[in-house]
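Hi,

Here is the structure I promised to pass on. Please open it first, then read my notes below.

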2 protein chains.
Amino acid sequence: MTDANGGFDEMDIELLRCVESDFDVSLDALSEELDLSKSAVHYRLNKLKDRGVIEGVTADLDPLSFGLDMVAITEVSVTHEQGYSESIGADLAALAGVEQVYYTMGDVDFVVISRVQDRTQMNAVIEEMVAVEGVNETSSRFVMDEITSRPRVIDAMPEAARSRVVEE
Amino acid sequence: MTDANGGFDEMDIELLRCVESDFDVSLDALSEELDLSKSAVHYRLNKLKDRGVIEGVTADLDPLSFGLDMVAITEVSVTHEQGYSESIGADLAALAGVEQVYYTMGDVDFVVISRVQDRTQMNAVIEEMVAVEGVNETSSRFVMDEITSRPRVIDAMPEAARSRVVEE
DNA sequence: AATGAAATCGACCAGCA
DNA sequence: TGCTGGTCGATTTCATT
């Protein structure tokens, strides 16, 4: 988790694209896919982990398997005795049911994504948001569908962004 | 990827909590953490994958390593010649720079999260959104900070939700 | 569902371009 | 620095309970 950006070659990018979509493959498979020896793949993976480019390897769970099929986007504005924003954001993120918190510029201060099983739980989450010290007002929208459920850094990256970090 | 919800025991939940935060651990570590034999851990993991509870195992990449430090939330409304919404959502999700698309109820139709390197790229993304057939209007906000960057299904789940899917 | 043994795979090391 | 090939330890698989 030390270095800035830059310093990738095409092989790194291809490798990252592979493991970002599926790390549950054998070194052999990667090795064949990339025309590189197993050892070299292993070497590069380790380096990318050390550099902090690969932050971790995680299992992606299906929310529906837990009945978590209700998602809402809530805009939260706070009373502007400035400076508390950081802790308010942390408080919001810590609430059960909250998945993601964005601190934004503009009229609204936070955008919160939450995911629960039903309306009862959703009401509970929103009430807890209102109860957070410093929160002034909330406005929620229900999500009917999510299109790209998992962030995919490499695939979502614009061409201009990609070419800027790839060397030679 | 077949079954509905329910049908977890405490051990499943603990195991899922572990691998959702870090799957880059040895079976030994999991086995010790959970007081279960290595084989049993392996058996349960396989079952959870077969059931589709574990959708996959992926490497989490650090966007900053690619200079992707600008995030925006864009509200997109469409011209209501209804029925095209699905394909519009897919079109938005396919744009370079777009990470996540939510289809929502209410005055606004889509909420789009996008991530790029700078304002030039951000302008390009937003222009492409406007150019999508059926898109009527957009309104963007810049994100200054993200609090819970990775969705963690188990940890974010409310107690009420958790107890409903855990048996015995 | 869980176990232990046998086959397979991945991590690490010394050396090489 | 980036890679190779080989070794050892870990993991996956399978027959068995």
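A polar contact is a pair of N or O atoms within 3.5 Å. Keep that cut-off in mind. The model is a predicted one.

Start with the bases. A side-chain N or O atom of B:Ser39 sits 3.4 Å from a base nitrogen of DNA strand C. That distance is within 3.5 Å, so the pair counts as a polar contact.

Now the backbone of the DNA. B:Arg44 places a polar side-chain atom 3.1 Å from a phosphate oxygen of DNA strand C. B:Lys47 has a polar side-chain atom 3.4 Å from a phosphate oxygen of this strand.

Next, the wider surroundings. Chain A puts A:Ser26, A:Leu27, A:Asp28 and A:His42 around DNA strand C. From chain B, the residues around the strand include B:Ser37, B:Ala40 and B:Tyr43. Of the atoms of DNA strand C that come within 4 Å of the protein, 69% belong to sugar and phosphate.

Which element gives the largest share of this surface? It is α3(B), with five residues. α2 (27-34) of chain A also supplies at least two. Sorted by class, the surface has three nonpolar, four polar and three charged residues.

One last residue: B:Arg51. Look for B:Arg51 in the loop between α3 (38-50) and β1 (54-61) of chain B. Is B:Arg51 buried or exposed? Its relative accessible area is 15%, which is under 20%, so B:Arg51 counts as buried. The B:Arg51 side chain reaches the backbone oxygen of B:Gly7 at 3.2 Å.

Best wishes

Terms used. Residues numbered from 1 in each chain as written. Chains lettered and ligands numbered in written order. Predicted model: local features only at pLDDT ≥ 70, side-chain atom pairs only at ≥ 80, totals over all residues. Heavy atoms only, no water. Helix = DSSP H or I, 4+ residues; strand = E, 2+ residues; numbered from the N terminus. Buried < 20%, exposed > 50% of the residue type's maximum accessible area, 1.4 Å probe, protein only. Polar contact = N/O pair within 3.5 Å; in protein donor to acceptor, adjacent residues only side chain to side chain. Near = heavy atom within 4 Å. Nonpolar A, V, L, I, M, F, W, Y, C, P; charged D, E, K, R; others polar.
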